[in-house]
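Reader: Could you take me through one spot in this model up close, and then show me how it sits in the rest of the chain? I'd like the local details before the wider view.

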Amino acid sequence: MSRDYLRGKKCMVWSFMGNTRMHQALNNYGDRFETVGIFTFEVDISGTITETGTPISSMMPYINKWPKVRWFLTVMNHGTASIFTALRNNENGAKTKFLSELVRIMQKYPWCAGVDIDLERGGGYENKDAANILFRDIYQTVKAYNPAKLVNICLPGMTGVQGSVGGENWCVYADLDAYCDTAAIMSYGMSWAGSAPGPVSPRDWLVGVYDYAARVMNPQKIYMGLPGYGWEWQIYANPADLGKTYRGVSLTYYAAKIWAEGGYNFTGNAPPQPMIPWLAYWDDYDQVPYMLPQVYDYAEGGDATDREAPIIGETYNRRRYLTCYGKTQKAEFGTIYIDRDGVPDSYTEGVVIGNGMITLSSETGTATYDFTLPQSGVYDVAVRICFPYWDKNGINISLDGSTVGFYESRLWWPYWRSTFWVALAKGRSLSAGEHTITVDGGVVGAQLYGFRLCSSFSERPSAGSATFELSPRSFKDVNGSMAVPDKGFKLTTEILRRKPDSALVWYEDFRDPITLQSTYWTTLSGNWAVWRSDEYATGRVYSQLEGSGQLAWRYDSFSDVHLRARLAFPHNGSGRAGVFIGNIFCCINIDTQQVELYQGSVLLGSYGSAYYKTPASDIRTNPNMYLIEMRKRGNRVRVYSGNSNTLRFTATVSPTSGYCGIRSDNEIKCELLRLGDAWTYEPYEAFDVTMPNGTTETYGRIARSNVTWDSEFEVFTLSSDVEESSTRSEDISMDYDFVHSAMLYIPCNADYTAKFTPRDINVWCSRIFLGDGDGFGIVYYQDVDSIVYWANEAAYRWCLRGFALWSLGQEDLRLWEALPKLS
């Protein structure tokens, strides 16, 4: 049986670098290349092609030496969106000119195998049809000129339709398959100069791209794009403080090797920073090496030696980080003299006694608690209460006849739906002997869990904290001498912040073991149930709400709210599904392919998009979930959709209030239903760091205008009906970022602690680094093992044509010795 041992082993490269190693590889290893893209030809906005890159004359020796290589003329727009747009739309005849220019350069260089089209920044999904026609016309023009000439197209990495991480959603692989002989997918650049440090081509991205591409295109046309380069990110200062736009600097394999050998540092590769060789780690998941030059110690979030609740440690994409999803009350009492639960000494009708607590069942119910003080003094008295629902939100309590009413009208904090402490009396002079605390009515459903008499009561909302141990030690420099930082250290915290969201009223992912409790939910119409991935699990497991009709929170006085749902249409789904408040219905209409807003039966606005039903085989494990949300403020409603919560349109409505929840014409699946305040926002940005020298700094808080801050809960409320983003000039990256201490003049070879204390929820602390104050960083790069691993995956896992390396001259030249000769 004959076997094609080179199947899947083809290799494409580009002549971009123009350096000595590129020429060395072309001269010595041309028998390893199937295709070389000569990176020379640039198209402008008129469609004219000029020769601006690698001189053709410099390539001729290799073209003559390796006649079996397919030499392509690479035509690029250098990522200029206006050029792509002009070609796609034939603005001022640009496409017509471009097509004639392709013929011209092939005529000029008749030895070429064809053209390699590298057009980037083509925009969104709405451009796909015109982009398809452009590539069709390119393909047909080349074939009309000479059927033997080939067309390679360079495509962005996509994990599905509209699945670009870089906004290149014009590209639909299945549509373009017919318009190319081969396609190099540019699956490099997930990490770049302005991103968080990480592998240039991480595993999860590559798997997503090629699972999709190999399914919808002919795999034997596809080259897996792999990087020959890496990046060094400087993480000891902000880019602006370094006089740079981005913190990342591109490097070749050999530059990374020099870092590892101690040939580079952050002070001009000369003193005062010592020249230290650095160990390269191997990331066995992403199959890439990395280094931490001039980092003397670091810790991941999961390495915290002490954590104070409610901060928790979690893992996402293999990152062990710390965060807090909801603040809890941190109460302090000093010396506690009397500590009572909620069981009274006497009570009337209208009070129900539970397990160590009472619940008001009547507005006039009373309960009395007697206690004896052994000696007179000045005391604080704190009571522990709970308002379990928005209409169970008030209680009157007195101390020796002095009554305080505790009432809460704010929707936006789940804080009051669990027990919390509040001061009944502060600094009260009480005599020795008998005293009385009395519950004297309030709102039906309010609860008292007890009280404490103490020396000093204080309370505050807390997101917890975490403490790390750091032990910087001397390193051996290139001369064999032990080295320490010249000046001192800086501590850098790797952090993920988020844009603010509406202050949370209720978050429901249907994962709790007991679901749709009648205490909290009511079915206004239709039928609703919850499917759980493990029916018998006692913990929280993935679940879906399913049904049709209207499901609402059991509260009929909602008015201004922010509602969000994430839902899917099953294979037989139809009609509208979304969220409602009163008679306002914000929905996705799967039949019209629109986001729509109704008041009653009147359509107030719409926005067109693309929505897909989910096959029955995927509905539980891989559903097509779509976000739909609305924010109602008075007589204005804002409608949002998409994973980026994009504002689609606004509309004027008539006054309405009442129930709110989820609504659907026919059966849907829903994995999230979120209720938030329409005016008040929770920021996800600020945190404190206590340094190894004992000082504490606050980071991340953004200045805002036209808002009112609540200093207790650190939330803010808009002063007018605007988008939250208009209140600030600073944007918030959705990527990990770095914040830096000032110089810490602390000695090496000692043990220290650092403390992370979030001020806001949903701030993720991934790592902390203690590095040389003169500079330290993170380096990710590619080596032979990395590229060979992914080349084998391309061949044997996805049965692709081979791989395409960007770009020749950046790689370790030993790579070519590890690859088979193609001729």
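Author: Here is a close look at glutamate 714, followed by the chain around it and a few backbone oddities.

Keep in mind that this is a predicted model. Glutamate 714 sits in the loop that links strand E48 (707–710) to strand E49 (715–718). Is this residue buried or exposed? Glutamate 714 has a relative accessible area of 17%, so it counts as buried, because the cut-off for buried is under 20%.

Its side chain has two arginine partners to look at. One polar contact goes to the side chain of arginine 701, at 2.9 Å. Another goes to the side chain of arginine 759, at 3.3 Å. Both arginines also turn up among the residues that glutamate 714 touches, leaving aside those up to four places away in sequence; that list is Lys327, Pro683, Arg701, Trp709, Arg759 and Asp760.

Now zoom out. The domain assignment puts 683–773 in domain 4, together with 465–477 and 479–500. The other pieces are domain 1 (10–227 + 782–818), domain 2 (230–294 + 774–780), domain 3 (328–462) and domain 5 (507–674). Take domain 1 and domain 2 as a pair: their centres, taken over C-alpha atoms, are 29 Å apart. Their contact draws on 27 residues from domain 1 and 18 residues from domain 2.

As for the chain overall, you'll find nine helices and 54 strands. The C-alpha atoms fill a box of roughly 105 × 75 × 55 Å along the principal axes. Of the 823 residues, 56% count as buried. If you take contacts between residues at least 6 apart in sequence, 74% of them join residues at least 24 apart. The accessible surface is about 33,100 Å², with 47% of that belonging to carbon and sulfur atoms.

For a bit of that surface, try the nonpolar patch of about 250 Å² formed by Val343, Tyr347 and Ile353. Valine 343 is in the loop between strand E18 (336–341) and strand E19 (346–347), and it is partly exposed at 33% relative accessibility.

For a buried stretch, go to helix H3 (residues 81–89), where Ile83, Phe84, Ala86, Leu87 and Arg88 are buried. Their cover includes strand E2 (35–43), helix H4 (94–108) and helix H5 (128–145). Just past H3, asparagine 90 takes a positive phi of about 55°.

That brings us to the backbone. Most residues other than glycine have a negative phi, and most peptide bonds are trans. Phenylalanine 510 has a positive phi, near 65°, and lies in the loop between strand E34 (498–508) and strand E35 (521–532). With a relative accessible area of 1%, phenylalanine 510 is buried. Cysteine 799 also has a positive phi, about 55°, in the loop between helix H9 (784–797) and strand E54 (802–806). Cysteine 799 is partly exposed, at 41% relative accessibility.

Which peptide bonds are worth a look for being cis? One runs from proline 271 to proline 272, with omega near 20°; proline 272 is in the loop between helix H8 (253–260) and strand E11 (281–283). Another runs from alanine 309 to proline 310, with omega near 10°, and proline 310 is in the loop between strand E14 (306–308) and strand E15 (312–316).

Terms used:
Residues numbered from 1 in each chain as written. Predicted model: local features only at pLDDT ≥ 70, side-chain atom pairs only at ≥ 80, totals over all residues. Heavy atoms only, no water. Helix = DSSP H or I, 4+ residues; strand = E, 2+ residues; numbered from the N terminus. Buried < 20%, exposed > 50% of the residue type's maximum accessible area, 1.4 Å probe, protein only. Polar contact = N/O pair within 3.5 Å; in protein donor to acceptor, adjacent residues only side chain to side chain. Contact = heavy atoms within 4.5 Å. Patch = residues over 30% accessible without salt bridge, like charges linked within 9 Å, V, L, I, M, F, W, Y side chains within 5 Å. Areas by Shrake-Rupley, 256 points an atom, 1.4 Å probe, with all protein chains shown as cover. Salt bridge = Lys/Arg side-chain N within 4 Å of Asp/Glu carboxyl O. Domains from an automatic or database assignment.
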